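Trainee: Please take a close look at a single part of this model, and give the cut-offs behind each term as you go.

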Amino acid sequence: MNWLTNFRPPGLKSWLNKKDTPENLWVKCPTSGELVYRSDLEESWYVTPAGAHLRISPRRRFRLLFDDERWEPILLPEVSVDPLKFRDDKPYPSRLKAARAKISGREKEETVEGGPPISQDDCMAAGFGKVDGIPTVVLVQDFAFMGGSLGMAAGEAFIAAAQLAVARKAAFVVCTASGGARMQEGTLSLMQMPRTTLAIDEVQEAGLPYVVILTDPTSGGVSASYAMLGDVHIAEPGAMIAFSGPRVIEQTIREKLPDGFQRSEFLREKGQVDIVSHRHDLKATLARVLYHLMPKLRRSGDREVPNVAAPAPDVEPDGRSRPAGKEAAD
Amino acid sequence: MPTTYLEFEKPIAELQAKIAELEAVDASDDGPSITEELGKLREKSEKQLKDLYKNLSPWRKTQVARHPDRPHFLDYLDELFEDYQELAGDRVFGNDEAVLGGLATFKGRSVVVMGHEKGHNTESRIRHNFGMAHPEGYRKAVRLMNLAERFSLPVITFVDTAGAYPGKAGEERGQAEAIARSTQRCLTLPVPIISLIIGEGGSGGAIAIAAANQVLIMEHSIYSVISPEGCASILYRDAEKARDAAEAMKITATDLKTLGIVDEIVREPLGGAHRDPAKAMQAAGKAIQKALRGLEGLSAIELKRQRRERFYAIGREGLS
């Protein structure tokens, strides 16, 4: 990045802000710093030209993964609100309220993009649909809702979604994004680690696949429980995945961490992640994994896989046609 | 009597110093007896201790839970177990001394026992990394639980950690995965597993060996998702507010029992376990034995189901 990319004529910024168009018309790429048109981003599923994978909402995640952008929204259980009567500088219920308002504002904007209404009271949203013909429950954790923090609502959502996958003999796919436990729920939030782990056990006992898609960021109690217990771990490029975040570690060891530490590619190198998949290939990758793990449910006919406009040419449909051919030969 | 007094115990420390002084005089002097005076002071000191400990605030409990003289895992091992044979290593990378464990006899039966060890002096604290485990510690725990499964031995764990160690090496070797697997191993065991929180139950580092059929806690222990200091610096943006955070997070034994997170509270001697370690540990032994008896005769399937129902019930029942 040089001074030219940063340079804007004086007054341009205020002109941009003054304009009638929403201020989020431009989005700054966290990798290159360049400004990208929001409409361009929409087309590229929020991957910037420099390859940064921006965080996306549950709705967009569902649209990205489900066949024909169609899914059945899953109503998630209600939980006891603010059991500890927790208060920091604000009472916990008012933080929840603010987070809900933010989410429903986003929902209003995105609903035109298509798909059924999203039912989301906390940081989780779930949908049932098909991924390349395979019945799948997808649970998406939303970082925009209080940092995707894991509390009772998220834990119950996880259990409900897992049990629905078992009831419908569907694959269970969880897209993680979280800063960790929800401190406002104290030790009750810690208890979501064993609780979600038990739900995974139900899915695996039923012989169904549990696939984790790790997105930016996944850390703390979430990475130390369900995010790291998948049959297969797929990560989006550049996602921060850690137990202790870099800031905590830098404070402990008093030393700067190297670039790329705790990013998806690093975790793959260290053996914690199976696949680092570009968002444009994500559906094809997931479909290929599920295809192998649930052979009886695979779609019979050939089909162009991703919902994405321009998939990279080397990811599909090879992965699917080859084993099918082999099977026929046997 | 303890060698270390906590800040809030200062009045007791002063009285005790006075008593010690008079005792010395009494022993060397055959002048007018000061026995009466001594008796009064002792009584006063006892009452003060009782009053102080009757209603310990969560922050004070946190300090007691971390008291350097509080009995640690190795003390419990000495007091309650026989024929201990330590087993070392995770068979992958190394041997983590923050989590120790092995085979031992508990009340006449063989068990797998393990726990976090914080250490008692500078040298041992460094060796045990202050009870903060690396992935190898949790992988050793998984190995020991596998052994327990293979030979149908009950598992007893002692929890005492500020948390898993937040370091570069641990991250590189999959700290998150190691914790997740250890928690999962606890939950899928076909044998009984009992956990006792003896000091600090710190977050993921604690739950990794505490996802048990029965979870017991010493009266002045804490069990928390993050340390009060950590919570204060994140939510209140001021680590000095640890006192408030300790209050707000409901981390004391009584609170946890109300929330259904622990099953049983083990009473400690007056003034905390560090004032009479043997008595505290014997009470713990009895509680563990009782918990084990309660699980006797349950099949592998029933044990797994009990654990599932126990953890699923948390937060669903008994909350407002």
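Mentor: What follows starts with the conventions and the setting, and then works through one helix and its surroundings.

Residues are numbered from 1 along each chain as its sequence is written, while chains are lettered from A and ligands numbered from 1 in the order in which they are written. This is a predicted model, in which local features need pLDDT of at least 70 and side-chain atom pairs count only at pLDDT 80 or more, although totals for chains, interfaces and linings use all residues, and side-chain values use heavy atoms, with hydrogens and water left out.

Chain A, which holds the part I have chosen, contains 12 helices and nine strands, where helices (H or I, at least four residues) and strands (E, at least two) are DSSP runs numbered from the N terminus. Of its 330 residues, 55% count as buried, buried being under 20% relative accessible area, exposed over 50% and partly exposed in between, with a 1.4 Å probe and protein chains only. If one takes the contacts (heavy atoms within 4.5 Å) in chain A between residues at least 6 apart in sequence, 69% of them join residues at least 24 apart.

The part itself is helix α8 of chain A, residues 192–205. From first C-alpha to last, its 14 residues reach 20 Å, close to the 20 Å expected at 1.5 Å a residue; the expected span is 1.5 Å times one less than the number of residues. The helix α8(A) is mostly covered, with 12 of its 14 residues buried, and these include charged-looking names such as Arg195(A), Asp201(A) and Glu202(A) alongside Met193(A), Leu198(A), Ile200(A) and Val203(A). Just after α8(A) comes Gly207(A), which takes a positive phi of about 75°.

For comparison, helix α8 of chain B, residues 175–188, also has 14 residues, which at 1.5 Å a residue should span 20 Å, and its end C-alpha atoms are indeed 20 Å apart. There, 13 of the 14 residues are buried.

Val203(A), buried in α8(A), is also one of the residues touched by Phe172(A). Leaving aside residues up to four places away in sequence, Phe172(A) also touches Val137(A), Leu139(A), Phe158(A), Ala161(A), Ala162(A), Ala165(A), Pro209(A), Tyr210(A) and Val211(A). Phe172(A) and Tyr223(B) have the most contacts inside the largest nonpolar core, which has 140 residues; such a core is a set of buried Ala, Val, Leu, Ile, Met, Phe, Trp, Tyr and Cys residues joined through side-chain atoms within 4.5 Å. Helix α6 of chain A, residues 152–167, gives the most to this core, with nine residues. Apart from it lies another core, of 28 residues, among them Phe73(B), Tyr76(B), Leu80(B) and Val266(B). In soluble globular proteins, nonpolar side chains tend to be buried together.

Some backbone details of chain A complete the picture. Strand β7 of chain A, residues 210–218, holds Pro217(A), and the peptide bond leading into Pro217(A) from Asp216(A) is cis, with omega near -15°. Elsewhere, in the loop between β3 (71–74) and α5 (92–110) of chain A, Asp82(A) has a positive phi, near 55°, in a residue other than glycine; with 7% relative accessibility, Asp82(A) counts as buried.
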